[in-house]
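This text walks through one protein model, beginning with its interior and ending with its overall dimensions. Please keep the sequence and the structure in view while reading.

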Amino acid sequence: MKRKIRTYGDPVLRQRAQLVPEVTESLCRLADDLLETMYAARGLGLAAQQVGETCALCVVDVPAELDVEEEGGPRLNPDVIMPLTLFNPVIRHESPVKISCEEGCLSFPDVHVSIRRSAEVTVDYVDREGHAGELIAKGLLARAIQHELDHLGAVLLVDRMSPVKKISLSGQLKKLKKETLEELGA
Ligand SMILES: [Zn+2]
């Protein structure tokens, strides 16, 4: 089922995710909802808070043509099977090499900001079957995973952008927050 995507200003985006004690059927259905919602919005990832839930769950799907260093180049993560459904994901290791790149977020429509993130991360997680897994992600996949883990920790794009960028976007952010709160009836 496609869900409504929560936008900036919605308090649920500022709630930290709770660890999932056990992967249940209903949590797998929630993962399916996240995927459906993400694909419909043409996103590369989505975290539970973005549909109003607060369990530690996110999904990521970087299409093969974007999983490259440069156009037409070899896949960066040929062994990672997408889409990824990650319960209780934790970054165990991140490379000291950081890369700045433009990033967007489905909870911030039309906002794109340059954010520095590690080029490679190692992530521990629990899969749909309840099994512990580990994956190494590079490039855009590493970026998408770091973005979704930020959501689970209640960290948003606004917290990562430079103060200068935040000032230049302040009107747009204020407007978005106001619209969100109006919609919530707050
Ligand atoms: Zn986001």
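The model is a predicted one. A good place to begin is the largest nonpolar core, which has 31 residues. Within this core, the residues that touch the most other members are Leu34, Ala48, Cys58, Val59, Val60, Leu141 and Ile145. At least two core residues come from each of the following elements: the helices α1 (25-40) and α2 (139-152), and the strands β1 (45-47), β2 (57-60), β3 (84-94) and β6 (120-126). Helix α2 supplies the largest share of this core, with 7 residues. In soluble globular proteins, nonpolar side chains tend to be buried together.

Which residues does Val59 touch, leaving aside those up to four places away in sequence? The list consists of Ala31, Leu34, Leu35, Met38, Gly45, Leu46, Pro83, Leu84 and Thr85. Several of these can be placed on the elements named above: Ala31, Leu34, Leu35 and Met38 fall within α1 (25-40), while Gly45 and Leu46 fall within β1 (45-47). Leu84 and Thr85 fall within β3 (84-94).

Besides the largest core there is a second, separate one of 7 residues. Leu13, Cys105, Leu157 and Met161 are among its members.

Next come the strands β4 (residues 98-105) and β5 (residues 108-118), which pair in the antiparallel sense over 7 bridges. One residue pair illustrates this: Ser100 has Arg116, in β5, as its bridge partner. The two strands β4 and β5 form a hairpin, and 2 residues lie between them. Cys105, already named as part of the second core, lies in β4 (residues 98-105).

Further along is helix α5, which covers residues 170-184. Its 15 residues, at 1.5 Å a residue, should span 21 Å, and the C-alpha atoms at its ends are 21 Å apart, so the two values agree. Gly185 follows α5 and has a positive phi, near 75°.

What does the protein chain look like as a whole? It contains 5 helices and 7 strands. Along the sequence these follow the pattern α-β-β-β-β-β-β-β-α-α-α-α. The radius of gyration of the chain is 16 Å, close to the 16 Å given by the globule rule for 186 residues, so the chain is as compact as a globular protein of that length. Taken along the principal axes, its C-alpha atoms fill a box of roughly 45 × 40 × 25 Å. Of the 186 residues in the chain, 32% are buried. Among contacts with a separation of 6 or more, 67% join residues 24 or more positions apart.

Technical notes:
Residues numbered from 1 in each chain as written. Predicted model: local features only at pLDDT ≥ 70, side-chain atom pairs only at ≥ 80, totals over all residues. Core = buried A, V, L, I, M, F, W, Y, C linked by C-beta atoms within 7 Å. Buried ≥ 20, exposed ≤ 12 C-beta atoms within 10 Å, placed from the backbone. Helix = DSSP H or I, 4+ residues; strand = E, 2+ residues; numbered from the N terminus. Contact = placed C-beta atoms within 7 Å. Expected span 1.5 Å × (residues − 1). Rg over C-alpha atoms; globule rule 2.2 N^0.38 Å. Pairing = 2+ DSSP bridges.
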